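The exercises below ask you to read a model closely and to check each step against its coordinates. Please work through each task before turning to its solution.

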Amino acid sequence: MSRRALRRLRGEQRGQEPLEPGALRLGLEDRNDGGEEDDEEVGQVSSDPRRRRGRRERSAISNLYELITSEEPEDELLSKARGEDYRLKVQEGAENNDDIKNGELEVNQERGGEGVSRENLASTSSQPNLNNKPRKKKKKKKNKKTTIGETPEDDGLEDIDSILEKIEVTNGLSNQTHSSVIMESRPLLYVEHRHLNPETELKRYFGARAVLGDQRPRQRQRQYHRSTWLTTPKSTWPRYSKTGITMRVLESKRGVQHFTFEHHREYQQVQFQFLNAVESMDPNNIVLLLQGNPYHIDSLLQLSDVCRLQEDQEMARDLIERALYSLECAFHPLFSLTSGTCRLDYRRTENRAFYLVLFKHMMFLERRGCPRTALEFCKLILSLDPDNDPLCLLLIIDLLALRARDYGFLIRMFQEWESHRNLSQLPNFAFSVPLAHFLLSQQDDLPEVELSSARENASRLIQQALIMFPGVLMPLLDRCSVRPDAAVLAHPFFGLSTQISQPPALAQLVALYIGRTYSLWKDSTIMAWLETNVREVLQTVDAGEPIVEESERRRKVRYQSAPRNIYRHVILSEMKEATAALPLEVTSQPVMGFDPLPPLDSITSYTRPRRANRYSNESTLSLFFRSLLPNFTFQGEETPDEIDPVGAEEDLDQGLNRLMAAMRDLLANIQFQDPPTEDNPDGNGDEDEDEDEDWD
């Protein structure tokens with residue numbers, strides 16, 4: 001039996017047997033001892049890399065003095081053992097390509113072979129060759145020795161690095177063009193998830209350490225909250241549970257899906273309690289309602305307005321974020337925030353809360369200094385109903401785009417929507433679009449052709465805006481603390497008569513635009529550009545161009561009255577300059593923060609039960625208590641079906657507590673009148689007398 005078979009039976013590997021004085025022999029004797037087994041497995045060696053490696057290791061010690069005079073250092077041997085798998089792959093590839101192997105052999109022979117001496121090469125070449133197989137293995141060994149060296153591997157790594165550098169350079173050259181093509185191919189109102197998080201924008205401005213700080217919540221103190229896109233849940237919020245709000249699909253047509261929110265019966269009962277709390281005109285009742293229902297949407301909206309009026313901005317923003325989180329947890333699985341193809345009808349009562357929460361959250365983000373995030377939320381609201389625009393987001397989207405420095409979006413929106421929405425007839429678009437062109441022309445990273453085109457478009461559009469809306473110039477300069485020259489002041493086209501003669505609806509839009517964007521026009525470069533175009537407009541007016549008369553006729557016809565969505569936007573914006581110009585028909589009716597100016601054609605799925613009039617035959621004492629306590633009932637009276645008995649008892653207890661507090665205040669403030677005397681016939685006490693003196 002050969003030694004190969006004995007090693008297999010013992011479970012040993014080649015090279016692990018102990019060395020004996022006669023163990024080391026020449027490779028020729030080893031092969032002769034192997035006998036027929038070696039000859040039988042010659043054909044199998046080429047297919048098994050382990051056996052090839054064993055033969056190479058056996059031939060590697062064919063010279064007895066190689067173990068002493070080996071030129072390879074100890075570190076290279078260790079690295080050779082660690083990189084054995086990598087070298088086997090290289091050797092298998094070398095077997096499949098004989099030309100490359102032969103070329104490498106010639107190079108290695110010219111270099112002298114770093115791991116094999118010339119004497120060893122001569123001794124191995126003088127040995128007899130059986131079936132030409134050992135010589136082939138010697139060539140593989142030389143290739144292996146060469147691959148251990150640094151030069152061939154470094155050349156391969158350099159080739160890979162050079163290829164990667166070429167790819168990066170190519171991608172870098174086409175990156176800007178590729179990104180612009182992608183942006184143009186996307187829908188106009190496409191929303192990106194990464195821009196919905198305000199912390200991402202704040203980190204870009206101030207850094208992660210300034211935004212997050214060193215405080216990190218501990219794992220044990222963290223509560224489980226559902227992962228959402230619109231807001232980040234906080235650990236201080238109450239644990240979320242199902243509130244009774246769901247969303248369902250109404251219809252799908254022409255690639256657009258229509259959704260609606262629904263209120264379950266439990267949520268409807270809470271909604272009725274909320275309406276009762278609003279009628280009581282006491283914010284504490286809303287607070288009590290939120291203690292039992294911490295994610296009731298309308299209560300969060302109303303209480304947020306109360307906190308904002310009390311200048312508690314942090315609490316007001318936290319309540320809005322909680323309402324937004326509750327609504328997002330009720331989304332339908334098919335409802336997408338980014339596609340721009342999901343619609344919500346504002347006429348439905350259940351859908352209005354989502355619009356209002358998004359709008360208020362957007363305004364908080366804009367005041368917080370996150371215009372890019374606010375712009376994404378503005379696009380989201382506008383995508384829910386772009387045709388009707390119930391909150392009139394077109395009056396603010398230009399401001400957010402300018403502050404976010406997304407001039408391309410504003411210009412693209414004007415170009416795509418001008419034909420069917422007449423955006424140039426809104427003062428904010430008429431002035432913001434040329435301002436975007438001018439700011440775009442001030443960038444240095446654009447080609448000269450685009451810069452010159454942007455300057456021409458800016459001058460042309462700002463002149464058209466000044467001719468169409470001449471009443472904007474003087475109030476704008478006044479807010480910017482800029483005094484115009486004598487020629488502009490003396491010209492009647494921009495005079496006081498023009499501002500007085502413009503319709504009230506147009507004056508309201510102008511006041512809203514100037515109050516929001518005057519800070520963007522304070523730059524000296526922008527003012528110089530505006531002054532140049534004002535002089536051009538004065539020359540056009542003096543020349544009697546027909547565009548001047550046509551613009552005046554349009555102002556008198558088109559701005560007689562504003563639609564209801566503009567009034568709703570003005571109420572939500574709370575701009576003093578714009579709210580002062582609201583008509584009497586709007587200011588005379590009550591405006592609720594949870595539903596300002598509801599549509600005249602509202603769609604309601606459920607109605608509030610009407611209270612029965614059971615107070616006509618009651619006594620005076622009963623009416624007195626009922627005026628103090630709207631939910632007061634005597635014992636024995638029937639409770640209506642729509643009132644929850646448990647809730648009625650709680651309201652009664654609360655009402656009694658309020659009544660007792662009112663009686664204590666009344667008794668504490670009672671002042672008795674002094675009896676009439678000869679000195680004081682009217683009974684009025686003398687101010688100079690001592691207050692502690694008793695009566696006579």
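**Exercise 1.** Which residues of helix 31 are buried?

Solution. The model is a predicted one, in which local features need pLDDT of at least 70 and side-chain atom pairs count only at pLDDT 80 or more, while totals for chains, interfaces and linings use all residues. Residues are numbered from 1 along each chain as its sequence is written, and side-chain values use heavy atoms, with hydrogens and water left out. Helices (H or I, at least four residues) and strands (E, at least two) are DSSP runs, numbered from the N terminus. A residue is buried under 20% relative accessible area, exposed over 50%, and partly exposed in between (1.4 Å probe, protein chains only).

Step 1: the buried residues of helix 31 are N565, I566, Y567, R568, H569, V570, I571, L572 and S573. Step 2: nine of the ten residues of this helix, which covers residues 564-573, are thus buried, so the rest of the structure largely encloses it. Step 3: its buried residues pack against helix 19 (349-368), helix 28 (504-517), helix 32 (576-579) and helix 33 (584-587), contact meaning heavy atoms within 4.5 Å. Step 4: the helix is followed by E574, which has a positive phi near 60 degrees.

**Exercise 2.** Describe how the strands of the open three-stranded sheet are ordered and paired.

Solution. Step 1: the order is 1-2-3 and the pairing is mixed, where two strands pair if DSSP finds at least two bridges between them. Step 2: strand 1 and strand 3 (342-344) stand at the edges with a single partner strand each, so one side of each lacks a neighbour in the sheet. From one strand to the next, the twist averages 35 degrees; for such angles, axes are lines fitted to C-alpha atoms, for helices over the stretch in contact, and the angles run from 0 to 180 degrees between N-to-C directions. Step 3: strand 1 (residues 245-253) and strand 2 (residues 256-263) run antiparallel and are joined by eight bridges, with V249 partnered by F259 in strand 2. Step 4: strand 2 and strand 3 run parallel and are joined by three bridges, and Q257 stands opposite C342 in strand 3. Step 5: helix 19 lies across strand 2 and strand 3, at about 105 degrees to strand 2.

**Exercise 3.** Is R254, in the loop between strand 1 and strand 2, buried or exposed?

Solution. Step 1: R254 has 86% relative accessibility and therefore counts as exposed. Step 2: in this hairpin, with two residues between the strands, R254 takes a positive phi near 55 degrees. Step 3: R254 and T341 are 87 residues apart in sequence, yet 9.7 Å apart in space, C-alpha to C-alpha.

**Exercise 4.** Compare the surroundings of R322 and R317, beginning with the place of R322 in helix 18 (residues 313-329).

Solution. Step 1: of the 17 residues of helix 18, 14 are buried, so the rest of the structure largely encloses the helix. Step 2: R322 is buried yet has no salt bridge, and the nearest side chain of opposite charge, D318, is 4.3 Å away; a salt bridge is a side-chain nitrogen of Lys or Arg within 4 Å of a carboxyl oxygen of Asp or Glu, and Lys and Arg count as positive and Asp and Glu as negative, with His and the chain ends not counted. Step 3: R317 forms a salt bridge with E314, their closest N and O atoms being 2.9 Å apart. Step 4: R317 is buried at 16% relative accessibility, whereas E314 is partly exposed at 47%.
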